[in-house]
Every structure is written in structure tokens, then in C-alpha cells.
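Please examine the following entry with attention to its ligand site and its helix packing.

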Amino acid sequence: MRTNPLDYPMVLADPQRITVDPAWVGHIPFAFVLVEMLKPATVVELGTYRGNSYCAFCQAVAALKLPTKCYAVDTWKGDEHTGHYAEQIYQELRAYHDPRYASFSTLLRMTFDEALSHFADGSVDLLHIDGLHTYEAVKHDYETWRPKLSPRGVVLFHDTARREQDFGVWKLWDEIRGSGPSFEFNHFSGLGVLSPGGAPAAEVRDFLNDARANPKTVLRFFETLGNRIDAEITLHNLGNFLDQTQRFLDAWKSDLSQPAAQAPINGHVNPYAAAGRVARDLAAVRAAAKRV
Ligand SMILES: C[S@@+](CC[C@H](N)C(=O)[O-])C[C@H]1O[C@@H](n2cnc3c(N)ncnc32)[C@H](O)[C@@H]1O
């Protein structure tokens, strides 16, 4: 039977947590649908950072009232690709996560290797691998965590479409994509979906088979939904930016009405520098609006 993603109401849900790093947001509609299809007993994410992807999994689990347990594994220190970041990233995620999801979700602050002993073999239904994206690192993460997947388990790989620098997820993906029903989204740096355990969940198996049979439609459908979320974020940011610009212009106008409009004087804005800044800011607004 053909899979209709609209049979999964989560597909049109609005994400509740979007942070300043939008790298994953285009995959949130699929993440919602996958949780609804798979109804995983256990979700593990390797690489959580600010929590865009992880909080999407948690949001779906909460909305669907599933008995799922979720685990996010990260040192929350960063790596060669994200850069090494401040403690505040973890604290901010905790402050968002704990009141909403702590009843079923745990943030495991440790390395991926250290977390292995916390999970029995064959116990993870949904594994999202999104740590360091070199070939060696992602191969290590997959090989060490593969035994943790249940026979019906699904593994997701972010960044399968990135080939610049030393990104190597694409290479591992090429090697393993044939080891079970699979599909690859190519928007938002790519997302590989694979069920390698030999007994895929029927709904997931049907979806992956249909997606392979009709790739254009499925790719376009999820890309369009992902772009909608991205566009909403851009519009929201533009709105904030326009508000700031308006406040800046108001202050500037009031400064220009002062007798000494040369700059900088008594802490007032330099009107010439201000004019240049406004022009640059408005050019940025126009460029951003064109992208929406
Ligand atoms: C690309 S970011 C994750 C992005 C996230 N999934 C999102 O939705 O935006 C990669 C994260 O993996 C973490 N990381 C990389 N290698 C790790 C390792 N071996 N053990 C623990 N954390 C690791 C980094 O600290 C970083 O926060």
C-alpha cells in the first residue's frame, strides 16, 4: 500500500524549539513523521548541540503521548566542525528541556564511546548520528553503535550531502545504504535513513520502499515542508531586524535634530556613519527577503 505522509498528523506540526543554528530544521517534518511511524521504544541521539533535532524527537514523543525513552549524548563542548563552544549552550538547552521533557528524556553529558555501556545491545529503535562528520569519526560512531540497534531499528545520518573539506558521511553512506531499506533526503545537507536490522517496522519499510519508487515526489514534499519552517524562521528574524532598524532610525532622527550634527559628539550617533550603517542594514534586509 502507498504511504501517504498526510496520514501522520505530526507532519504539519510547528516545531516548538528553533535555535539560532538552523542546520537541521529542514528535516524536522520528517523527524516528526518518523517518530509517528516507528513509535520507538528508545531514541538515542549522538550529537545534540543546541537541540534542534533532539527537541523535535522529544516534541513528537510528547505530542503523541508515546511511552518512549529518549537520550541525547554530547559532551556539549563542540568538535572540529561545530567549533568549541561555551557552557551556556548546554545550560540553555537544559533550561528548555528539563521542564518539558525530563520525565522521559535524559541528557547524557559524555562522549559517545562512554555512553555505549548505558545501552543494551539490540535496545535502540531510533539512532540519530550527528557528531563529527569526518569519514573516520562517523564510521567509528556507526560501527560502535550498530549493535545497539534493535532488529526494527532505524539509523539517521545527517550531512550525507556535504562533500567539502573533510566531510565524509557521504562515503560511509555509500558503503552502507544497501544494507537494508534506505532513503536519502538531499535538502539541508542531506539525511540518510536506514533500517539495517533485518526486521524493519512495516510502516517504515513501506515508506522507504515508496520513497525509493517515487523519489522526486517524496523529496519535494519534505523539502517544501522543511523550507516552510526555514522561511518562517527567516521572516521572524527579519521582523526582529526591522524592529531594531526602526529603533535605530528613530534615535538617529532625534540626533539629527540636535544643533551639532557633526560626529561623534557627546555620545550621540555619528550621522554619517549612521547613514552608512542604515544603508548596509537595509541592503541585508533586501537580500534576506529575496531568499524567502
Ligand atoms: C553537528 S553538532 C549536532 C547538531 C544537532 N544534532 C542539531 O540539531 O543542531 C555535533 C555535536 O556532536 C558533539 N560531539 C562530536 N563528537 C562527539 C563525541 N565523540 N562524543 C560526544 N559528543 C560529540 C559536539 O559536541 C557537537 O555538539
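**Ligand shell and helix packing**

Q: Which residues come nearest to the ligand?
A: This is a predicted model, in which local features need pLDDT of at least 70, side-chain atom pairs count only at pLDDT 80 or more, and totals for chains, interfaces and linings use all residues. Residues are numbered from 1 along each chain as its sequence is written. A residue is near the ligand if its C-beta atom, placed from the backbone, lies within 6 Å of it. Of the 21 residues around the ligand, those that come nearest are Trp24, Gly47, Tyr49, Ser53 and Gly131.

Q: Which elements give two or more residues to the shell around the ligand?
A: Elements are DSSP runs numbered from the N terminus: helices are H or I of at least four residues, and strands are E of at least two. Those giving two or more residues to the shell are α2 (52-63) and β3 (78-79).

Q: How do the residues of the shell divide into nonpolar, polar and charged?
A: Ala, Val, Leu, Ile, Met, Phe, Trp, Tyr, Cys and Pro count as nonpolar, Asp, Glu, Lys and Arg as charged, and the others, Gly among them, as polar. On this basis the shell around the ligand has six nonpolar, nine polar and six charged residues.

Q: What is the angle at which helix α5 and helix α6 pack?
A: Axes are lines fitted to C-alpha atoms over the stretch in contact, and angles run from 0 to 180 degrees between N-to-C directions. The axes of α5 (residues 135-145) and α6 (residues 169-176) are 8 Å apart. The angle between these helices is about 45°.

Q: How many helices and strands does the protein chain have?
A: The secondary structure of the protein chain comes to nine helices and nine strands.
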